[in-house]
Amino acid sequence: MQRVYLFHEAKGLTRFELGGKGYGLVEMTAAGLPVPPGFTILTSACKEYYANGGKMPSGLLDEVRGKLKKLEEITGKRFNDAENPLLVSVRSGAPYSMPGMMDTILNLGMNDKVVEVLARLTGDRRFAYDAYRRFIQMFARIAMGVKGEFFEQALERARHRLGVKHDFEIPAAELEKLVKEFKEIVKRETGREFPQDPWEQLTMAIEAVFKSWNNPRAIEYRRYYKISDELGTAVNVQLMVFGNMGMDSGSGVGFTRNPSNGEKKLYGEYLPNSQGEDVVAGIRTPVPIERVEEPIYKQLLDIADRLEKYFKDMQDFEFTVERGKLYMLQTRNGKRTAQAAVKIAVDMVKEGLITKEDALARIEPNDLNQLLHRRLDPSAKITPIAKGLNASPGVATGKVIFDTDEAAELGNKGERVILVRPETTPEDIKGVIAAQGVLTSRGGMTSHAAVVARGMGKPAVVGCESIKIFMDMGYFVTDKGLRVNKGEVITIDGTTGSVILGEAPTIEPELTEEFRLLLSWANEVKRLGVRANADTPEAAAKAREFGAEGIGLCRTERMFNAPDRLPIVREMIMAETEEERRRALEKLFPLQLGDFVQIFKIMKGLPVTVRLLDLPLHEFLPSEAQLLVEIQELRSRGAPQKEIDEKVKVLNKVRQLQEHNPMIGHRGCRLAVRYPEIYEMQVRAILSAAISVLKSEGETVQVQIMIPLVSEVAELEYLRGIIEKTAERVFQEQKIRIPYKVGTMIETPRAALTASKIAKVADFFSFGTNDLTQTTFGFSRDDVEAKFMADYLEKKILKENPFEVLDTEGVGRLVRIGTEEGKGANGHLEVGICGEHGGEPNSVKFFHNAGLDYVSCSPYRIPVAKIAAAQAAIAVKEKAPITV
């Protein structure tokens, strides 16, 4: 099988065969652009190299020699020729852009003989020796393993001796001395002479590029961007053109549109009298691309237009000018900000270059987070003092505050605070609400702090184990020993997980007209509904602003643990009889009624799924440790015995309610089976609120009442019966009826596996994939994320964190079973998902393919989910057979 192709022979091969750089060169050649000739060694050869244990594939060098001969014929140049020597560049080229991660060698073919020929042919001895010293420096470092610092030190000594700042100021005679010194360094460090045979140089360079596929920085880059290690790199061998032949030469990088804001204007930089690496190295300051000589600039404008029409996307290209002649060395789809991505996609539709479906397909959904939260100014130089899990995107700045009550007090007065805690609990909600953002040293991506912060659109960094918090002393210390005191200002970046000392510069999000138009196109294309997880009027309003099609999860825990309600809830928990419990619940009823009225007014006309109480009761009581301290303090100061007895009574109740594993203990529907009066009160509040809104607004929500943690159909049958009886009483009292649905969360494997039975009693399912992931893996999410998830990912035991990206093989299979068997048993069953995965693009695409009806996510993830849902629909449409 052929593994080496000249650029003009390779048209039709894919980017996965040619690599991104090779693909661009082949396509530009086919489009008639001025590309120096060359050939590409396919990525399959790199894969063979590693399959052979790091040995060159059989017959590959014979193929290379054949194509090299063709290149010599095309150019009229030959390796080591005394009249017209051939010099080439050897560059890597992965299927996905990995800028700077792998290796490139320029000026290959230089040796002691060729440098003199080049000096004679160009009449420029300085240029020739500059090219030679660059080649030795690059080749020795990349292909021979010599440390680059030895050459840099020699260069620095030369500059110092001559009293100059830049390499281009070093005269020819000194460059000749440097070439000699560089060769001596190679001999000293490797024990061999610098290779003079260009063919030997080429074979060593090809192997060096193959090896660079698995250098540490390339591996880390692929890990971060989730690029497969199996793809391999291509090798591109191309005729050298020289931008360092004088002031009529130079090198540059251009973008066909502005990669920061998407403006349709040629954007880039140019460095006269330079080679490509000079532009990247930043040793000299380039000039804006529009300052290139006018004839060249006009050519670049024309080429930029042709590139966009050919590739139908914004291009990032590299070019060289050699003595006034322009050459194109690379083109690829340009990296861009989210703002630019949206504008470019929409503008290209308006220009007729691409379709709406093309525009939607090329947006990276997760990048839209940049448009929905404040973000760090990318031009600012920032050094983080600590790093944790990037739990909730956006940037927040404020004073470090450790106490929840103090955070609430200061925040409500208008002061900006960051709530810093080892972890947060439901009782910290007022501090979270008042704070600009949350920083915890413990907890995972789906911990309380993370979930609550995401729901509120507040930045959060959790599981920041590189800080040690001394709550009582009022400070925390980083692993570098930096102490940060209460009241000092910090900035947290929930997009990257960084913690920064002081106020970091930020920029406002921009919801542009193009962004709104793109979302309207997504609505036209997608099949999946996109709802919001929202349990406050503020979150509901934000969800509606971002185009939510309802609320898929309205948690009710906040309606129990708000500061003004906790005393009532604790009264209910401490009750000895059902009658006492009902009296306490009756006090809660008007408060929850008011909560639902506010949310329902905002969401009128849309479905709202309310999850009845899920938390175990001990979550609403103080901890045992806290009570023991309080009791000791009461005794120490001689408090009345009655006050002490009350605290002891609460302590006894806490101990009575304690569980070894509360996550799978007495919570959710199990709590309601024992205390049905809790759900009765909630159902009364929900339906009464919906009727109240109908009377005042003329329209109300589509009520969906969701029972959590059902594993056995009999649980749902029993509780549905209670809900229906309660609803009937409300309708009789109000003298009006409204439709409502009763469903359940599917969050245990047994519920998914018995979906055909449960579906006969349910109007809808909503997969709670957070808990379903825990119960399927047998993981405690906070524990595994804090203790060993990083090891599992690093050692590739797991490809992804299953709490962030749905485990499609295990949890996903349960979702498929539950959906298919549920819908098979009940043709009217609606199926959604309300776990954190509802806003994760890859998971959304899975839910589309699994046949779900909607996803529900944080309000700030709605645009992300909409784009992902549209992409899933487009992908299915493209795979569908064409019918005539």
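## Two neighbouring phenylalanines

Phe 846 is buried, with a relative accessible area of 10%. Phe 847 is buried too, at 0% relative accessibility. This model is predicted, and every value in this report is computed from it.

## Stacked and edge-to-face rings

How many aromatic pairs does a search of the whole structure find? The search gives 22. One of them joins Phe 596 to Phe 600. Their ring centres are 5.7 Å apart, and the planes make an angle of 25°. That pair counts as stacked, because planes under 30 degrees apart are put in that class. Both residues sit in helix 22, which covers residues 578-602. They are 4 residues apart, about one turn of the helix. Both are buried.

Phe 846 and Phe 847 form an aromatic pair as well. Here the centres are 6.0 Å apart and the planes 75° apart. The pair is edge-to-face, because its angle is over 60 degrees.

Ring pairs can also join up into a group. Phe 777, Phe 779, Phe 788, Tyr 792 and Phe 803 are linked by ring pairs into a cluster.

## Arginines over rings

An arginine can lie over the face of an aromatic ring, as two examples show. Arg 188 lies over the face of Phe 150, 5.1 Å from the ring centre. Arg 222 lies over the face of Trp 213, at 3.9 Å from the ring centre.

Arg 222 has another partner. It forms a salt bridge with Asp 229, and the closest N and O atoms are 2.8 Å apart. Are these two residues buried or partly exposed? Arg 222 is buried, with a relative accessible area of 1%. Asp 229 is partly exposed, at 26% relative accessibility.

## Salt bridges

The model holds 65 salt bridges. Arg 125 takes part in one with Glu 116, where the closest N and O atoms are 2.8 Å apart. Arg 125 also meets Glu 176 in a salt bridge, at 2.9 Å from N to O. The pair of Arg 125 and Glu 176 links distant parts of the chain. Arg 125 belongs to helix 5 (residues 125-143), while Glu 176 belongs to helix 7 (residues 172-190). They are 51 residues apart.

How exposed are the three residues? Glu 116 is partly exposed, with a relative accessible area of 33%. Arg 125 is partly exposed at 35%. Glu 176 is partly exposed at 29%.

Salt bridges also build a network. Its members are Glu 557, Arg 611, Asp 614, Arg 667, Asp 771 and Arg 781.

## A closed barrel

Which strands make up the closed barrel? There are 8 strands, in the order 24-25-26-27-28-29-30-31, and their pairing is parallel. Neighbouring strands of this sheet are turned by 25° against each other on average, with direction ignored.

Strand 24 and strand 31 run parallel, joined by 4 bridges. Strand 24 covers residues 529-533, and strand 31 covers residues 854-857. Gly 529 stands opposite Tyr 854 of strand 31.

## Cysteines without disulfides

How many disulfides are there? The count is 0. Take Cys 669 as a case. The closest cysteine sulfur belongs to Cys 834, and it lies 15 Å from the sulfur of Cys 669. That is too far for a bond, because a disulfide needs the two sulfur atoms within 2.5 Å.

Cys 669 is buried, at 0% relative accessibility. Cys 46 is also buried, again at 0%.

## Positive phi in two loops

Most residues other than glycine have a negative phi. Two residues here go the other way: Asn 80 and Arg 323 have a positive phi although neither is a glycine.

For Asn 80 the phi is about 65°. Asn 80 lies in the loop between helix 3 (60-75) and strand 3 (88-93). At 29% relative accessibility, Asn 80 is partly exposed.

For Arg 323 the phi is about 50°. This residue is in the loop between strand 9 (315-322) and strand 10 (325-333). Arg 323 is partly exposed, with a relative accessible area of 42%.

Technical notes: Residues numbered from 1 in each chain as written. Predicted model: local features only at pLDDT ≥ 70, side-chain atom pairs only at ≥ 80, totals over all residues. Heavy atoms only, no water. Buried < 20%, exposed > 50% of the residue type's maximum accessible area, 1.4 Å probe, protein only. Phe/Tyr/Trp six-rings, centres within 6.5 Å; stacked < 30°, edge-to-face > 60°. Helix = DSSP H or I, 4+ residues; strand = E, 2+ residues; numbered from the N terminus. Lys NZ or Arg CZ within 6 Å of the ring centre and 35° of its normal. Salt bridge = Lys/Arg side-chain N within 4 Å of Asp/Glu carboxyl O. Pairing = 2+ DSSP bridges. Axes fitted to C-alpha atoms, helices over the stretch in contact; angles between N-to-C directions.
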